Amino acid sequence: MSDCLFCRIIDKAIPADIVLERGNLLALRDINPQAPTHVLIIPRRHIATIDDLQAEDTLLVGEMVQAAREIAAAESLVVGYRLVFNCGRQGGQEVDHLHLHLLGGRSMEWPPG
Ligand code: AMP
Ligand code: ZN
């Protein structure tokens, strides 16, 4: 989608700090990091939100989680990290292209704001 920020990053029309690119996925550092490590794992295919996933996307979501785990290991997040999917406006989603936040390098609080 030409009007989607993350699709434009995938198409290399907008620069990004890409940490992983393979198969169905791309991972990039968040431009406004909320932790020492803040990486977004995104599918190449435009899917707006968690609510737009189809049954056949189950493997894709698993690939996103596995990629997050690998990046966490590469970033030496040995004492833990947090994975977050924001969904919809009240869920805090601002970019309508599915993404998994990987946050680490500091203690996380609960409940989140
Ligand atoms: P969300 O609020 O869950 O939709 O998260 C969107 C994330 O995208 C936010 O954490 C933003 O800081 C991040 N973001 C926005 N624009 C860019 C960009 N050009 N490159 C990297 N991350 C971005
Ligand atoms: Zn998109």
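Colleague: I've got Lys12 on screen, in the loop between H1 and E1. What should I read from the phi of Lys12?

Modeller: Keep in mind that we're looking at a predicted model. With phi, look at the sign and at the residue type. For Lys12, phi is near 65°, so to speak a positive value in a residue other than glycine.

Colleague: Which other residue has a positive phi without being glycine?

Modeller: Go to Ser76, where phi is near 60°. You'll find Ser76 in the loop between helix H2 (58–74) and strand E4 (81–84).

Colleague: Okay, peptide bonds next. Is the one from Trp110 to Pro111 cis or trans?

Modeller: Omega is the angle to check here. For the step from Trp110 to Pro111, omega is near 0°, and the bond is cis. Pro111 itself belongs to the segment after strand E5 (100–104).

Colleague: How do I read salt bridges, and how many does the whole structure have?

Modeller: You look for a side-chain nitrogen of Lys or Arg within 4 Å of a carboxyl oxygen of Asp or Glu. Searching the whole structure that way turns up seven. One of them pairs the side chains of Asp17 and Arg29, at 3.7 Å from N to O.

Colleague: Why does the pair Asp17 and Arg29 tie together separate parts?

Modeller: Asp17 is in the loop between H1 and strand E1 (18–22) while Arg29 is in strand E2, so the bridge links parts that lie 12 residues apart in sequence.

Colleague: Now the ligand. Where does ligand 1 sit?

Modeller: In the largest pocket. To read its surroundings, start with the residues around it: there are 16, and Asp30, Gly92, Glu94, His99 and His101 come nearest.

Colleague: What kinds of residues make up that shell around ligand 1?

Modeller: It's a mix: seven nonpolar, six polar and three charged. Helix H1 (5–10) and strand E2 (25–29) each contribute at least two residues. H1 has the largest share, with three residues.

Colleague: And which atoms lie 2.9 Å or 2.6 Å from an oxygen atom of ligand 1?

Modeller: Check whether each partner is a side chain or the backbone. Asn86 uses a polar side-chain atom, 2.9 Å from a ligand oxygen. Glu94 brings a backbone N or O atom to 2.6 Å from an oxygen of ligand 1. Val95 also has a backbone N or O atom there, at 2.9 Å from a ligand oxygen.

Colleague: How much of the accessible area of ligand 1 does the protein cover?

Modeller: On its own, ligand 1 has 500 Å² of accessible area, and the protein covers 85% of that.

Technical notes:
Residues are numbered from 1 along each chain as its sequence is written. Chains are lettered from A and ligands numbered from 1 in the order in which they are written. This is a predicted model: local features need pLDDT of at least 70, side-chain atom pairs count only at pLDDT 80 or more; totals for chains, interfaces and linings use all residues. Side-chain values use heavy atoms; hydrogens and water are left out. A residue is near a molecule or strand if one of its heavy atoms lies within 4 Å of it. A polar contact is a pair of N or O atoms within 3.5 Å; within protein, one must be able to donate a hydrogen and the other to accept it, and residues adjacent in sequence count only if both atoms are side-chain atoms. Accessible areas come from the Shrake-Rupley method with a 1.4 Å probe; for residues, only the protein chains shown count as cover. On a 1 Å grid over the protein atoms alone, a cavity is a set of points where a 1.4 Å probe fits but cannot get out, and a pocket is an open set with protein on both sides within 12 Å along at least five of seven lines; lining residues have an atom within 4 Å of a point. A molecule sits in a cavity or pocket if more than half of its atoms lie within 2 Å of its grid points. Helices (H or I, at least four residues) and strands (E, at least two) are DSSP runs, numbered from the N terminus. Ala, Val, Leu, Ile, Met, Phe, Trp, Tyr, Cys and Pro count as nonpolar, Asp, Glu, Lys and Arg as charged, and the others, Gly among them, as polar.
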